[in-house]
4 protein chains.
Amino acid sequence: MNERSFIFDIIMHNKYDLILRAAEKIIATGGIQGLSMQQVATEAGVAAGTIYRYFKDKNELILELRKDVLSQVAGAILADHDLGTLEQRFKRIWMKMHNYGKQRTSTNLSYEQYAHLPESNTNEIRQLEMELFAPLQQLFEEGIKQGLIQPLNPRFLYAIAMEPSMAIARSIRRGLIEYNEKDITLACDICWQAILIPTTSTN
Amino acid sequence: MNERSFIFDIIMHNKYDLILRAAEKIIATGGIQGLSMQQVATEAGVAAGTIYRYFKDKNELILELRKDVLSQVAGAILADHDLGTLEQRFKRIWMKMHNYGKQRTSTNLSYEQYAHLPESNTNEIRQLEMELFAPLQQLFEEGIKQGLIQPLNPRFLYAIAMEPSMAIARSIRRGLIEYNEKDITLACDICWQAILIPTTSTN
Amino acid sequence: MNERSFIFDIIMHNKYDLILRAAEKIIATGGIQGLSMQQVATEAGVAAGTIYRYFKDKNELILELRKDVLSQVAGAILADHDLGTLEQRFKRIWMKMHNYGKQRTSTNLSYEQYAHLPESNTNEIRQLEMELFAPLQQLFEEGIKQGLIQPLNPRFLYAIAMEPSMAIARSIRRGLIEYNEKDITLACDICWQAILIPTTSTN
Amino acid sequence: MNERSFIFDIIMHNKYDLILRAAEKIIATGGIQGLSMQQVATEAGVAAGTIYRYFKDKNELILELRKDVLSQVAGAILADHDLGTLEQRFKRIWMKMHNYGKQRTSTNLSYEQYAHLPESNTNEIRQLEMELFAPLQQLFEEGIKQGLIQPLNPRFLYAIAMEPSMAIARSIRRGLIEYNEKDITLACDICWQAILIPTTSTN
DNA sequence: AATGAATGAGGATTCATTCAT
DNA sequence: GATGAATGAATCCTCATTCAT
């Protein structure tokens, strides 16, 4: 674990990332409480003191990691977010979010640790979150403008239509529900239908 | 902080509860990571050693607190859960959950800390959770039997119809959305409609 | 362990002894370091506070126990010390000491804990020790006066002739030597011969 | 206590030894029970945390100290153990043991604390003890083979002939006997004679 | 006299952070 | 820039002792 290959060094060419990834892995495994700087150093293959050349202190390390992880998650979920109809776009995001949330990767597991932290350091995080998830907000706003989606605060819409995606993923990841593709597709559709303005169908 | 009134002593007549409430308060404020036994002792107005007469160690204190808080939350949310039609019952629970989640009480704030912890100690907690929320599960199952609600795993239904209640409450509590009674009512209705089997209404 | 029979109460009629025996047992099992007042109380079937009605503090409890145990040991070893010839008397003591030291009784096991403590509280103990083992000293002095035993300080004689008895017992108790009656008898005889003035045998 | 001279640093050049010697001193003074890590740190002139860079925990510190002290003692006692006749060899060891045991050095005083501990950690210690004192055992075995020494288990022989050496030293160190060179020499000779097979001397 | 709940000082251990090399 | 030994405050927990009942 101390021998780093040449290729490895190119990919992870700077220690900043190395340290971030090490921290991410440890948090994914043992929770935020289980994060010690010495562990991070060992996992990253650097000396404890070196961390402090890249991060002011432990808080900053965690804050930067949160931002980094948030960016990764948003990037993964919102890839190709602008292709197709509104419905296609929504469902693509919903499914990506779901599939992402089901994973046992360090990134996803550590992400979930931050989500419900006591409310500290959060202004900077919130700001970033809003920026990163702007496309999703725009999607909702576009739907509202088109008279398709309920005229509610996008955060309401997110709560109603997107939170279930993550919640279901979590349950599956924890083994509380068996995975069943058909049900997932149904749930996705239900979430989409839910926020639509019901067409007083003259059909 | 050492002077406890007579009334206070009647309400909080035993130290077990006193300690539990102190821990709850501290967790609500500073998160689980910020919980030190010394703090709990000070907040509870007892000596550090006294805690150990009531709880084997810190883990047990936290576990018992989780169970206690879970019971409180379930009790508050499921009060009168069995009155009225399925729809009335669902909406009553939804609204109670929402109103509960909006509060800045220690109980609610600490509750949210546990909900997304790394997966430890969880067997006992899960078991209790299932027992406490059984009425909600029954409600879903009843709806399915009646051909009213989508035949999905109750956890799916919970994720789709109930998680939004908490998610919205959280956003309001955090000041990210302004409270608006009409929107809440609408959201509640949307969540209810969402899990119903659409009546291919020939109406 | 909480139910004490009537007979038991007569034998151990006072709590002083009850506490002493409890402490002895705990020390025998877990060493002096493993002695907590709470444990003593539980083992003795009394409240923690009660111990302090009989002993000023933990030090005094241990000191009194040492004195008590020393008396028991001396009593057991020196029973019938004055019957027979010098040789018979010596060998009886040697064998009793050996047999006593082989036991895994609380009394013996706790006794060995004290023997090599750092030198504190020892004046009182030494005084008692000298009193209790006076018969043994007299035996040596008598032998010297008769021109039978080497004219050495009785403590020398004790060290040469008696320490081996305990040392061998200890080794057997600890399973380092197998017990073999003939060898013990031989060792006892060797120890006796060792301190005799060699008779420039005209044989 | 923080200023360490240059010479001092050369002698005690590494903290491992520094800590070991500090622990040794404290045990010599106050017994094993009186050993706190804070005390060791203070005495050694290091921070409490530093100890844990060199020893996993208190148990390991004590274990390593026991091994270290045992080696020192064996080294001192068995120096030149193989020169001369059996008798010369025996008596040299006996006298060295005696002289060593008389000292009030930390090493000796702490050594005596371990010798009669409740039986824990002892496998490793026993193993080492056997290795270190092998020359003494060989001496006894050689004597037996030559038909000179009684054919007893070497541990018997040790108990009979060597324990007195330490016991007498202890009594002198504690001021219970006055030191008298002639008596010591006599005692040594008695111990040697004791384990010999008596020559049915036709003299 | 007896109780046992409560105390709080003290002990072992961890860990974020510093700094001489 | 990098190191990692050293620091010492902070943490969890124990336990001798007290005292109101």
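This is a short chat about a predicted model, covering DNA strand E and the interface of chain C and chain D.

Me: Start with the DNA. How many residues surround strand E, and which are the closest?
Reply: There are 29 residues around DNA strand E. The closest are A:M37, B:T50, B:R53, B:Y54 and C:T50.

Me: Backbone or bases, what does the protein sit against on strand E?
Reply: Counting the atoms of DNA strand E within 4 Å of the protein, 73% belong to sugar or phosphate. The rest belong to bases.

Me: Which side chains have polar atoms by a phosphate oxygen of strand E?
Reply: Among them is B:T50, with a polar side-chain atom 2.5 Å from a phosphate oxygen. For B:K15, a polar side-chain atom lies 3.1 Å from a phosphate oxygen of the strand. A:Y52 has a side-chain N or O atom that is also placed 3.1 Å from a phosphate oxygen.

Me: What helices supply that surface?
Reply: α4 (48–54) of chain A, chain B, chain C and chain D each supply at least two residues of the surface near DNA strand E.

Me: And which one gives the most?
Reply: α4(C), with five residues.

Me: What's the make-up of the surface near strand E, by residue class?
Reply: It divides into 13 nonpolar, eight polar and eight charged residues.

Me: OK, switching to protein on protein. How much do chain C and chain D bury between them?
Reply: About 3,600 Å², with 62% of that on carbon and sulfur atoms. Chain C puts 37 residues into the contact and chain D puts in 39.

Me: Which three residues of chain C supply more of its buried area than any other three?
Reply: C:H116, C:F156 and C:R174. Together they supply 19% of the area that chain C buries against chain D.

Me: How many salt bridges across that interface?
Reply: Zero by the rule used. The count of residue pairs in polar contact between chain C and chain D, with both residues at pLDDT 80 or more, is zero as well.

Me: Which helices of chain C touch chain D, then?
Reply: α7 (106–115), α10 (154–161), α11 (163–173) and α12 (181–195) of chain C each supply at least two residues of that side. The largest share comes from α11(C), with seven residues.

Me: Last one. How do the residues on that side of chain C divide into classes?
Reply: On the side of chain C that touches chain D there are 18 nonpolar, nine polar and 10 charged residues.

Conventions. Residues numbered from 1 in each chain as written. Chains lettered and ligands numbered in written order. Predicted model: local features only at pLDDT ≥ 70, side-chain atom pairs only at ≥ 80, totals over all residues. Heavy atoms only, no water. Near = heavy atom within 4 Å. Polar contact = N/O pair within 3.5 Å; in protein donor to acceptor, adjacent residues only side chain to side chain. Helix = DSSP H or I, 4+ residues; strand = E, 2+ residues; numbered from the N terminus. Nonpolar A, V, L, I, M, F, W, Y, C, P; charged D, E, K, R; others polar. Contact = heavy atoms within 4.5 Å. Buried area = accessible area lost by both parts, 1.4 Å probe. Salt bridge = Lys/Arg side-chain N within 4 Å of Asp/Glu carboxyl O.
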